[in-house]
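This briefing addresses helix packing, charged pairs and selected local features of the entry shown below. Please read the text alongside the sequence and the coordinates.

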Amino acid sequence: MNEERRLEGLRTAVYATLAEESRSPSVGELAARWGRSPEETVRGLQELAVRHAIVLGAADDVIRMAHPFSAAPMGFVVSPLDGRDDRHWWGGCAWDSFGISAALGLEVLIDTACPECGRRHRVTSGPERPPEPELTVHFPLPAARWWDDVVATCSNIRMFCSPDHLAAWTSRTGRTTGRAVGAATVWALSRPWYGDRLAPDFRPHATEHNQRLLTEAGLVGDFWRLP
């Protein structure tokens, strides 16, 4: 149990740096904060990755994602709507971008573009402010496959101007149709999914809990069945 608490301390340090400083911490920083050697810290990060608490890069010692935050560009830039706060975050996908707002409890401006027409979208959203209803989010893969390659999965959960633009894009590119979900539905899902991610007593949600959240959002059927 003591080791579990220490791992939670490492996870908390990762999230605190991403949330407060808009960047991924180095292994050296984490080792100093965690009170372990760099080698032990890398092993701790790898254990967190096995638990899907974070995502590591190809070298297995660099933080690539800590949902909903990304350490590299992925098509979404999230900024506080309050112009006095100069932080900026990379959202891993449309869902994660709403999740950053939910996790931080901030109204935000999400910058992205429609993959079909290239139109720039500056989406205003917040914990109590849903996005424009016509915006459409594309989930290309069923839930059971999200973690096969989670970076690729997130990279392809994009936001389209409308269902028509998504249909035109899938026809033009030959991509998998997947499922189209209204942005307001994804926003509503992000609040319970990510809203407690930065809480001091956060514990990873059980699969049953997350499945219930999907069901409550109206996302039901085999496509949305978690593994």
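How many salt bridges does the structure hold? The structure, a predicted model, holds 13 salt bridges. The points below take up several of these pairs, then two helix contacts, and finally a set of individual residues.

**Salt bridges**

- Side chains of opposite charge can pair when their charged atoms come close.
- Arg11 pairs with Glu8 in a salt bridge whose closest N and O atoms are 3.2 Å apart.
- Because Arg11 and Glu8 stand 3 residues apart in helix 1, about one helical turn separates them.
- Arg11 is buried, at a relative accessible area of 3%, and Glu8 is buried as well, at 13%; both values fall under the 20% limit for that class.
- Arg23 and Glu21 form a further salt bridge, with 2.9 Å between the closest N and O atoms.
- In this pair, Arg23 is partly exposed at 32% relative accessibility, and Glu21 is partly exposed with a relative accessible area of 42%.
- Asp85 and Arg87 also meet through their side chains in a salt bridge, at 2.8 Å from N to O.
- Asp85 has a relative accessible area of 21% and is partly exposed; Arg87, at 22%, is likewise partly exposed.
- Glu4, Glu47 and Arg51 are joined into one network by salt bridges that share partners.

**Helix 1 and helix 2**

- Two packed helices are described by the angle between their axes and the distance between the axes.
- For helix 1 (residues 2–21) and helix 2 (residues 27–34), the packing angle is about 130° and the axes are 10 Å apart.
- The two helices are therefore oblique to each other, since an angle of this size lies outside the ranges for roughly parallel, roughly perpendicular and roughly antiparallel axes.
- The crossing in which helix 1 passes helix 2 is right-handed.
- On the side of helix 1, the contact is made by Arg6, Leu7, Gly9, Leu10, Ala13, Val14, Ala16 and Thr17; these meet Leu30, Arg33 and Trp34 of helix 2.
- Sorted by class, this contact of helix 1 with helix 2 comprises 7 nonpolar, 2 polar and 2 charged residues.

**Helix 4 and helix 7**

- Helix 4 (residues 94–104) and helix 7 (residues 183–194) cross at roughly 45°, and their axes come within 8 Å.
- Helix 4 and helix 7 are therefore oblique to each other, and their crossing is right-handed.
- Helix 4 contributes Trp95, Asp96, Phe98, Gly99, Ala102 and Ala103 to the contact, while helix 7 contributes Ala183, Val186, Trp187, Leu189, Ser190, Arg191, Trp193 and Tyr194.
- The class division for the contact of helix 4 with helix 7 is 10 nonpolar, 2 polar and 2 charged residues.

**A buried serine in helix 4**

- Ser101 belongs to helix 4 and is buried, with a relative accessible area of 1%.
- Leaving aside residues up to four places away in sequence, Ser101 touches Leu106, Val108, Ser125, Gly126 and Pro127.

**Separations from Val27**

- Glu40, in helix 3 (residues 38–50), is partly exposed with a relative accessible area of 29%.
- Glu40 and Val27 are 13 residues apart along the chain, and their C-alpha atoms are separated by 9.8 Å.
- Ser37 occupies the loop between helix 2 and helix 3 and is partly exposed, at 25% relative accessible area.
- From Ser37 to Val27 the C-alpha distance is 9.3 Å, with their positions 10 residues apart in sequence.

**Backbone geometry in loops**

- The His67 to Pro68 peptide bond is cis, its omega being near 10°.
- Pro68 is placed in the loop between strand 2 (63–66) and strand 3 (69–70).
- Ser22, a residue other than glycine, has a positive phi near 60°.
- Ser22 lies in the loop between helix 1 and helix 2 and counts as partly exposed at 25% relative accessibility.
- His52 also has a positive phi, near 65°, in a residue other than glycine.
- The loop between helix 3 and strand 1 (55–56) holds His52, which counts as partly exposed at 42% relative accessibility.

Note on methods:
Residues numbered from 1 in each chain as written. Predicted model: local features only at pLDDT ≥ 70, side-chain atom pairs only at ≥ 80, totals over all residues. Heavy atoms only, no water. Axes fitted to C-alpha atoms, helices over the stretch in contact; angles between N-to-C directions. Helix = DSSP H or I, 4+ residues; strand = E, 2+ residues; numbered from the N terminus. Parallel < 35°, antiparallel > 145°, perpendicular 65-115°, else oblique. Left-handed = near helix turned anticlockwise from the far one by under 90°. Contact = heavy atoms within 4.5 Å. Nonpolar A, V, L, I, M, F, W, Y, C, P; charged D, E, K, R; others polar. Salt bridge = Lys/Arg side-chain N within 4 Å of Asp/Glu carboxyl O. Buried < 20%, exposed > 50% of the residue type's maximum accessible area, 1.4 Å probe, protein only.
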